[in-house]
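Visitor: Could you take me in for a close look at one strand and what surrounds it? I'd like the cores and a few individual residues along the way.

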Amino acid sequence: MKSAYNFKVTKLRIFLLFIMHFQKILPHSKQFIIINNIYESSFPIDERRDYENFINILNSKSNIFSLEAAFTENGEIVGFISHWDFEDFIYIEHFAVDEELRGHGYGRTIIESFQSRTHLPIILEVELPDCEMSIRRINFYERLGFTLHSNVKYIQPSYGEGRKEIELKLMTYGKIDIAENCRQIAMIKKEVYNKQQ
């Protein structure tokens with residue numbers, strides 16, 4: 001019975017991968033407004049940029065920062081992923097699926113597609129594993145091959161005035177060494193958060 005269930009789940013993932021497509025999104029587009037709504041409803045204020053800052057980053061850092069939307073075959077936006085493409089690694093700043101569409105395999109499909117489109121290691125932040133939802137998110141990424149670096153102390157710098165620093169954890173995918181104050185963390189803090197270590 002279990003193998004039949006696994007087969008159905010695998011077929012569903014393959015189906016989703018083929019019917020979904022991804023597109024870079026530009027600021028002030030209709031798609032950007034939809035994504036910004038998903039963004040604001042998915043992340044607390046201290047874990048995201050304000051609207052103007054989001055647009056400024058898209059305009060000023062377009063050589064290394066990308067915002068991609070995931071679409072169904074009928075053009076519905078399922079979710080998005082924003083990432084920074086550095087020379088030897090990628091940093092996923094935000095990833096979310098529309099709240100009404102969660103639990104249908106779209107999140108896994110978006111991440112698996114992203115993993116298949118890069119040969120570089122990936123770094124992302126997760127909340128501390130101190131509640132059921134945070135633990136579920138960490139488990140989600142671990143099932144996709146990410147490693148939690150629970151021994152590395154990491155503070156997400158503030159996104160700006162009125163927004164707090166937050167202690168988070170880092171997860172990685174691929175061959176990459178992460179340690180406190182390592183080069184990759186310094187680069188993330190400098191480029192993404194405009195902070196010096």
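Guide: Let's start with strand E7 and work outwards from there. A word on ground rules: this is a predicted model, where local features need pLDDT of at least 70 and side-chain atom pairs count only at pLDDT 80 or more, while totals for chains, interfaces and linings use all residues. Residues are numbered from 1 along each chain as its sequence is written, and side-chain values use heavy atoms, with hydrogens and water left out.

First, the setting. The protein chain has six helices and seven strands, where helices (H or I, at least four residues) and strands (E, at least two) are DSSP runs numbered from the N terminus. Read from the N terminus, the order is α-β-α-α-β-β-β-α-β-α-β-β-α. Of its 197 residues, 48% count as buried; buried means under 20% relative accessible area, exposed over 50%, and partly exposed in between, with a 1.4 Å probe and protein chains only.

Now to E7 itself, residues 166–173. Six of its eight residues are buried, so the strand is largely enclosed by the rest of the structure. E7 has antiparallel company from strand E5 (residues 122–127), joined to it by six bridges. Strand E6 (residues 147–156) pairs with E7 too, again antiparallel and over six bridges; to count as a pair, two strands need at least two bridges found between them by DSSP. If you want to find the register on screen, Glu125 has Leu170 of E7 as its bridge partner, and Leu148 has Met171 of E7. As background, side chains in a regular strand alternate between the two faces of the sheet.

Just follow the chain out of E7 and you get to Ile178, in the loop between E7 and H6. Ile178 counts as buried, at 11% relative accessibility. Leaving out residues up to four places away in sequence, Ile178 touches Ile123, His149, Val152, Leu170, Thr172, Gln184 and Ile185, a contact being heavy atoms within 4.5 Å. Asn151 sits 27 residues from Ile178 along the chain, with 10.0 Å between their C-alpha atoms.

So what about the cores? The term nonpolar core stands for a set of buried Ala, Val, Leu, Ile, Met, Phe, Trp, Tyr and Cys residues joined through side-chain atoms within 4.5 Å. The largest one has 36 residues, and Tyr91 and Ile188 have the most contacts inside it. Two or more residues come from each of helix H2 (30–42), H3, strand E2 (65–71), strand E3 (77–85), strand E4 (90–97), E6, E7 and helix H6 (183–191). Another core, of 23 residues, lies apart from it, and Met171 is among its members, along with Ile122, Phe140 and Tyr141. Back at Ile188, its contacts beyond four places in sequence are Phe86, Phe89, Tyr91, Ile123, Tyr154 and Tyr193.

Over in strand E4 there's a polar residue worth a stop, His94. His94 is buried, with a relative accessible area of 4%. Its side chain reaches the backbone oxygen of Glu47 at 2.7 Å; for a polar contact the cut-off is a pair of N or O atoms within 3.5 Å, and within protein one must be able to donate a hydrogen and the other to accept it, with residues adjacent in sequence counting only if both atoms are side-chain atoms. Not counting residues up to four places away in sequence, His94 touches Tyr39, Phe43, Glu47, Arg48, Phe80, Ile81, Ser82 and Tyr159.

Another histidine makes a contrast: His28, in the loop between strand E1 (21–24) and H2, is exposed, with a relative accessible area of 61%. His28 isn't a glycine, yet its phi is positive, about 70 degrees. Ile55, in helix H3 (residues 51–60), is buried at 7% relative accessible area. Setting aside neighbours within four places in sequence, Ile55 is in contact with Pro27, His28 and Phe32. Ile55 and His28 are 27 residues apart in sequence, with 8.0 Å from C-alpha to C-alpha.

Last, the cysteines. Cys131 is partly exposed at 35% relative accessible area, whereas Cys182 counts as buried at 12%. The structure holds zero disulfides, a disulfide being a pair of cysteine sulfur atoms within 2.5 Å.
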